Amino acid sequence: MPRALSFDPVEKLQKAMLLFWQNGYEGTSIGDLINKLEINRFSLYQQFGDKHQLFRAALDHYNRIVFQPLLMPLRADDQGKAALDAYIALFTEKVSGPRTEHGCFISNTLAAGDKVQDEFGQQAREMMHDLQSLLLMNFEAAEAAGELGQPASACATFSLMTIQALLMARKTQGKTLFLKNAQFFREMVKTW
């Protein structure tokens with residue numbers, strides 16, 4: 001009979017996610033993971049597999065607990081500018097909170113380029129595509145309702161680029177500049 005776990009795997013996955021989020025795949029060693037998760041090498045491999053498998057699980061965990069909840073306003077029944085405004089407000093709140101000084105796990109993974117395996121880049125691109133599709137759907141709804149004076153596709157593309165720039169500003173320039181520019185972006189979208 002297998003031995004019962006002496007730790008909570010979800011708690012350890014959360015810690016691994018935060019470490020990968022901060023340091024990236026290449027910047028995180030097995031030793032770093034063992035120290036941060038406070039488990040031995042055998043338990044790490046037994047529960048999560050190798051570093052590759054753990055990174056994939058951490059990116060999936062980020063998608064489930066951070067990224068998808070952030071997209072909820074864009075999936076609301078009431079689509080259009082109200083949903084876009086609710087999303088930007090939630091984005092601003094979450095990105096100005098704790099643990100976000102490292103930027104976005106997805107953006108960091110994409111920015112690493114060849115330093116991460118293509119599988120991870122593809123996984124991150126799919127998540128970013130999800131955001132882009134939801135932005136476009138809401139801008140198209142705003143356009144159909146007569147709330148938008150600009151082409152929906154251009155607004156969605158520009159918004160995605162702005163969101164990525166805001167995430168980088170949070171990481172490199174700090175919370176104050178991020179908040180100022182996030183508010184400006186929110187007000188700008190209202191005028192489109």
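**Exercise 1. A buried or exposed ring**

Is Phe 178 buried or exposed? Explain the result, then describe the aromatic pair to which Phe 178 belongs.

*Solution.* The model is predicted, and the values here are computed from it.

Step 1. Take the relative accessible area of Phe 178, which is 0%. Buried means under 20%, so Phe 178 is buried.

Step 2. Turn to Phe 91. Its relative accessibility is 2%, so Phe 91 counts as buried.

Step 3. Look at the wider set of rings: the count comes to 12 aromatic pairs. One of them joins Tyr 25 and Phe 55 in an edge-to-face arrangement, with 5.3 Å centre to centre and 85 degrees between the planes. Tyr 25 sits in the loop between helix H1 (9-23) and helix H2 (30-37), while Phe 55 belongs to helix H4 (residues 51-70), so this pair links parts 30 residues apart in sequence. Both Tyr 25 and Phe 55 are buried.

Step 4. Now add the pair of Phe 91 and Phe 178. This pair is edge-to-face too, at 5.9 Å centre to centre and 65 degrees between the planes. Because Phe 91 is in helix H5 (residues 81-95) and Phe 178 in helix H9 (residues 175-191), the pair ties together parts that are 87 residues apart in sequence.

Step 5. Return to Tyr 25 and Phe 55. These two are members of one aromatic cluster, together with Phe 20, Trp 21, Tyr 62, Phe 105 and Phe 120.

**Exercise 2. The chain as a whole**

Describe the secondary structure, the extent and the surface of the chain.

*Solution.*

Step 1. Count the elements. There are 9 helices and 0 strands, and from the N terminus on the order is α-α-α-α-α-α-α-α-α.

Step 2. Give the extent. The C-alpha trace spans about 65 × 35 × 30 Å along its principal axes.

Step 3. Consider burial and surface. Of the 192 residues, 44% are buried. The accessible surface of the chain is about 10200 Å², and carbon and sulfur atoms account for 54% of this surface.

Step 4. Consider contacts along the sequence. Among contacts between residues at least 6 apart, 67% join residues at least 24 apart.

Step 5. Count the charges. The chain carries 20 positive and 21 negative side chains, and the centres of these two sets are 8 Å apart.

**Exercise 3. The largest nonpolar core**

Which residues touch the most other members of the largest nonpolar core, and which helix gives the most to this core?

*Solution.*

Step 1. The largest nonpolar core has 55 residues, and Tyr 87 and Leu 131 touch the most other members. Helix H7 (residues 118-144) gives the most to this core, namely 9 residues.

Step 2. List the contacts of Tyr 87. Beyond its neighbours within four places in sequence, Tyr 87 contacts Leu 70, Leu 71, Pro 73, Leu 74, Leu 131, Leu 135 and Ile 163. Leu 131, named in Step 1, is therefore among these partners.

Step 3. Add the general background. In soluble globular proteins, nonpolar side chains tend to be buried together.

**Exercise 4. Four single residues**

For Ser 107, Gly 24, Leu 136 and Glu 38, state the location and the degree of exposure.

*Solution.*

Step 1. Ser 107 is in helix H6 (residues 105-111). With 16% relative accessibility, Ser 107 counts as buried. Leaving out residues up to four places away, Ser 107 touches Met 128 and Leu 167.

Step 2. Gly 24 lies in the loop between H1 and H2. Its relative accessibility of 23% makes Gly 24 partly exposed. Apart from neighbours within four places in sequence, Gly 24 is in contact with Leu 19 and Phe 55. The C-alpha atoms of Gly 24 and Thr 109 are 6.9 Å apart, although 85 residues separate the two along the chain.

Step 3. Leu 136 belongs to helix H7. At 28% relative accessible area, Leu 136 is partly exposed. Not counting residues up to four places away, Leu 136 touches Ala 152, Ser 153 and Ala 156. Leu 37 is 99 residues away along the chain, and its C-alpha atom is 39 Å from that of Leu 136.

Step 4. Glu 38 is found in the loop between H2 and helix H3 (41-48). The limit for exposed is over 50%, and Glu 38 has 60%, so Glu 38 is exposed. Glu 38 is not a glycine, yet has a positive phi of about 55 degrees.

Note on methods:
Residues numbered from 1 in each chain as written. Predicted model: local features only at pLDDT ≥ 70, side-chain atom pairs only at ≥ 80, totals over all residues. Heavy atoms only, no water. Core = buried A, V, L, I, M, F, W, Y, C linked by side-chain atoms within 4.5 Å. Buried < 20%, exposed > 50% of the residue type's maximum accessible area, 1.4 Å probe, protein only. Helix = DSSP H or I, 4+ residues; strand = E, 2+ residues; numbered from the N terminus. Contact = heavy atoms within 4.5 Å. Areas by Shrake-Rupley, 256 points an atom, 1.4 Å probe, with all protein chains shown as cover. Lys, Arg positive; Asp, Glu negative; His and termini not counted. Charge placed at Lys NZ, Arg CZ, Asp CG, Glu CD. Phe/Tyr/Trp six-rings, centres within 6.5 Å; stacked < 30°, edge-to-face > 60°.
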